[in-house]
Every structure is written in C-alpha cells, then in structure tokens.
Amino acid sequence: MIIDALQYANWSPKIFRQMREGGVDAVHVTIAYHENFREMVLNIERWNRWFEDYSDLICHARSGDDVRAAKASGRTAIIFGFQNCSPIEDDIGLVEIVHTLGARFMQLSYNNQSLLATGCYESEDPGITRMGRQVIAEMNRVGLVIDMSHSAERSTLEAIEISGRPIAITHANPSFWHPALRNKSDSVLRALGESGGMIGFSLYPHHLKDKSDCSLESFCEMVARAAEIMGVSRLGIGSDLCQDHPDSVVEWMRVGRWTKQIDYGEGSRTDVGFPPMPSWFRDNRDFGKVEAGLRAVGFDAAEVAAIMGGNWLNFFDRSFGPQVQQAEAQPREVAE
C-alpha cells in the first residue's frame, strides 16, 4: 500500500497514469487554498468530472475501506482536503457540510493568522482562537481531520492538546534536520506521537536539507531519527508534490487575496517559482526509490510498508468517521 498524504498537482490524465505506474493507492489532494465555500464546491465539480472521465484510473475515497476498494480495482483513491479554513468561512455549520461533500482534512491555518489558529509566518502566535476551539470540537464530531502543517508552534501544540482525536501534520519535516519555518520542532513531534497523531514527510525542496540537492540517504536518515522520537507507527509520506504547475500558481498559494504585494514565502526575490524536485523524486513513479532508501537505512520490510502507506490507512480508519462518543469531542482547556 502506497499512500501520499498531500499533493497539489496540475491534474491531468498523464499524472493519473503516473500514479498507476508508481503503484500509488491513495493521494490526499488539496482542493482549497484561499477559496471560499462556493469556490471550493466548483473545485469538487471539476474533480467529479475527472472521476467520470477517468474512472479506470481514479475514484473518490471517503474512508479507509474506499482506499482498499480502489486498490483492489487497480485505481488510485483521491481524498479531498483543504490547506486553509477559508471554505468554512465564519460558519461552524459548514464543517459538517464539507465533510458530507467528501473533505477529510482541513488545516486550521495556512501561513497567516486565520479565524481558528496562527500560521507559521506570523511574528506572534496567540494560539487557538475561541472559534478554533469550537471548530476543533465539531471537526472531531464529524470526522474531519485537523491538519497543522502550516501552523505555528503554539497553535500546533494547543491543537494537539485540545483535540479529542489525534491530529495530523500531513506535509512537513523535523526542524532538527532543516530549520525551515514550516518544519516542526522536537516538542511538536513528541506531542504528536504521544497523542496518536501522524506526520507525513515532505519532499518539497524548501522543506529539505540542501533543498533540491537533498540526497535520498539524507532524507531517509531523517525519517529514521524521527522514528526514534515518535515511533514508526506515527510516520508516513506527504510529498507536497506540486507537479506541472506554472509559477503563477505558487504566487496564488502565497499571496491569495490577502495582499497586493508579492510574498515570496519560502522562496526569495531571486527564487520566485516552484523549486526543482530532487533527482530521486520527480513524480509518482519514484515512490519505489523512497521505499528502497528506507530499507537501506535499516527499516525492515514491515516498517517500510507502514511508513509508505499502512500507517496512513490505519489513521484513516480511526479518523474519517463520526466520533462514537461525542463527549470526547468537547474541547479541553489548555493550561495557561
């Protein structure tokens, strides 16, 4: 089982076929960055057409069992998620609606402060907001996974503590390996692991040590060290593959509608667009190289299978449905 916990590609039949060539069984795809509810629905409409036109290659998945069925039929399961909370606007009632429409992950913030939490590019991090606490409880209730990939430190730690269900960081790396603003501290890794959460290791060059020149060995050694902190059962892949997009798309990701100025994000004035991927991971056909790299640094076959997809599948089983005991979904107070 190969599961990638985050991609935002310029989707096409070519990429869908590459997923099949690479044996990729499921992908969590971004269907919103800065979109409001109606704009997000238009993106779902576009995916529904792809599911119809390329039904031999892809299908929509809402559960772990849907992923298993996709694998059995030789297709890639597509799981919807948001990289921001903008699709729920300021209406907590939309949490259940977006789950009904098929969303299964939602970041509480992108790089900026949101109505729910603080993004990693803000200079101050006041933590989870009043609305954020209520939305976390509602996400817990319906089975919409809290994703803190782009969130700041305090907000992330508070989300882990407040949530009555394990959360995810779908695409980031440890800051001990590469101190990017988006990468996560040892404190976050420990709290995430102890709470039953998951991290998906990113292959996006700005998150990698040595960026586009990062070696497969270095990446896999980082995974091994993270396993010592969190345990193998909490680890997966979230490649953050942004294949075939023009550079104008990364500008939308960084700028949205919140500023009239250019924001370079993790890039710079001289490095504006998408960075080139490392030579050993160009697209979905290269997951086998990651598997081989993990074996080379000492993971056994069962551990490699878990990291490449088994752990995410178990997490889907536990996380995508409504909470059995609603009382557990009430927000817990964070000690001041």
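**Exercise 1. Work out how covered strand β2 is in this predicted model, and find which strands pair with β2.**

Step 1: Start with cover. Strand β2 spans residues 26–32, and seven of its seven residues are buried, so take it as mostly covered.

Step 2: Look at one neighbour. Strand β1 (residues 3–7) runs parallel to β2, and three bridges join the two. If you want a place to start checking, go to I3: its bridge partner in β2 is A26.

Step 3: Now the other pairing. Six bridges join β2 to strand β4 (residues 76–82), again in parallel. Here H28 stands opposite I79 in β4.

Step 4: Add the helix. Together with helix α1 (residues 13–21), β1 and β2 make a β-α-β unit, and the unit is right-handed.

**Exercise 2. Decide whether R133 is buried or exposed, and say where R133 sits.**

Step 1: Place the residue. R133 belongs to helix α5, which covers residues 130–142.

Step 2: Apply the cut-off. Buried means under 20% relative accessible area. R133 has 15%, so it counts as buried.

Step 3: Check a contact along the fold. L116 is 17 residues away from R133 along the chain, and their C-alpha atoms are separated by 7.6 Å.

**Exercise 3. Describe the largest pocket and the second largest pocket: what are their volumes, and which residues line them?**

Step 1: Take the largest pocket. Its volume is about 370 Å³. The lining has 19 residues, and H34, N84, N112, Q113 and W258 lie nearest the centre.

Step 2: Sort that lining by chemistry. You get five nonpolar, nine polar and five charged residues.

Step 3: Move on to the second largest pocket, with about 190 Å³ of space. Its lining includes Y8, W11, T30, E35, R46, W47 and H245.

Step 4: Ask which elements supply that lining. Those giving two or more residues are β2 and α2 (37–53). The largest share, four residues, comes from α2.

Step 5: Sort this lining too. The second largest pocket has six nonpolar, four polar and two charged residues.

**Exercise 4. Classify the ring pairs F51–F80 and F105–W312, and say which parts of the chain each pair links.**

Step 1: Get the overall count. The whole structure holds 20 aromatic pairs.

Step 2: Take F51 and F80. Their ring centres are 6.1 Å apart and the planes meet at 25°, so this pair is stacked. F51 is in helix α2 and F80 in strand β4, 29 residues apart, so the pair links distant parts of the chain.

Step 3: Check cover for both. F51 is buried, at 12% relative accessible area, and F80 is buried at 0%.

Step 4: Take F105 and W312. The centres lie 6.4 Å apart with the planes at 80°, so call this pair edge-to-face. F105 is in strand β5 (residues 103–107) and W312 in helix α11 (residues 301–319), so the pair ties together parts that are 207 residues apart in sequence.

Step 5: Check cover again. F105 is buried at 0%, and W312 counts as buried at 0% too.

Step 6: Put F51 and F80 back in context. Ring pairs join them with W11, F16, W47, W50 and Y54 in a cluster. W11, W47 and W50 also turn up in the lining of the second largest pocket.

How values were computed:
Residues numbered from 1 in each chain as written. Predicted model: local features only at pLDDT ≥ 70, side-chain atom pairs only at ≥ 80, totals over all residues. Heavy atoms only, no water. Buried < 20%, exposed > 50% of the residue type's maximum accessible area, 1.4 Å probe, protein only. Pairing = 2+ DSSP bridges. Right-handed = clockwise from strand over helix to strand, strands pointing away. 1 Å grid on protein atoms, 1.4 Å probe; cavity = no way out; pocket = protein on both sides within 12 Å on 5 of 7 lines; lining within 4 Å. Points joined across faces, edges and corners; volume = space filled by probe spheres on them. Nonpolar A, V, L, I, M, F, W, Y, C, P; charged D, E, K, R; others polar. Phe/Tyr/Trp six-rings, centres within 6.5 Å; stacked < 30°, edge-to-face > 60°.
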